[in-house]
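Please look at the sequence and the structure together before reading on. The explanation then moves from a sheet of strands to a group of residues on the surface.

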Amino acid sequence: QVQLLESGGGSVQTGDSLRLSCVASGRTISNYAMGWFRQAPGKEREFVAAISGMGAITYYADSVKGRFTISRDNAKKTGYLQMNSLKPEDTAVYFCATGAYSSTSSAYDYWGQGTQVTVSS
């Protein structure tokens, strides 16, 4: 059984930083891409960033490019999302997922429960 567990969310001020973590179990995660998505209240889930299985390729949504960095440590079965220069519009529940390398949520077959990030002005 594959499980993903996110952590690291919280309430911060504009301009602050947070690092989200996603620990995977039940799957050889180096064989799969990892993606981060987010969902704000009343909005659809949107793509944030993706990283290939071995970490060589990354891709970001335009809204976070230059501020967020996705990475992974396959030995620790953990993925990360470093979020800098946070803005109120980054407020959302953040989800990690594993599957095929893509910006489309349907490409990912396992999802975590999410972690709340709240950015106040």
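The following paragraphs describe one sheet and one surface patch.

This is a predicted model, in which local features need pLDDT of at least 70 and side-chain atom pairs count only at pLDDT 80 or more, while totals for chains, interfaces and linings use all residues. Residues are numbered from 1 along each chain as its sequence is written, and side-chain values use heavy atoms, with hydrogens and water left out.

An open, antiparallel sheet is built from 4 strands in the order S1-S3-S8-S7. Strands are DSSP runs of E with at least two residues, numbered from the N terminus, and two of them pair if DSSP finds at least two bridges between them. At the edges lie S1 (3-7) and S7 (68-73), each of which pairs on one side only.

Strand S8 (residues 78-83) pairs with S7 over 6 bridges in the antiparallel sense. Within this pairing, Thr 69 has Gln 82 as its bridge partner, and Ser 71 stands opposite Tyr 80. The hairpin of S7 and S8 has 4 residues between the strands, and Lys 77 takes a positive phi near 55° there. S8 also pairs with S3 (residues 18-25), again antiparallel and over 6 bridges; here Leu 20 has Leu 81 as its bridge partner. Is S8 mostly covered or uncovered? Of its 6 residues, 5 are buried, that is, under 20% relative accessible area (exposed is over 50%, partly exposed in between; 1.4 Å probe, protein chains only).

Elsewhere, Tyr 101 is located in the loop between S9 (92-99) and S10 (108-111). Tyr 101 counts as partly exposed because its relative accessibility is 37%.
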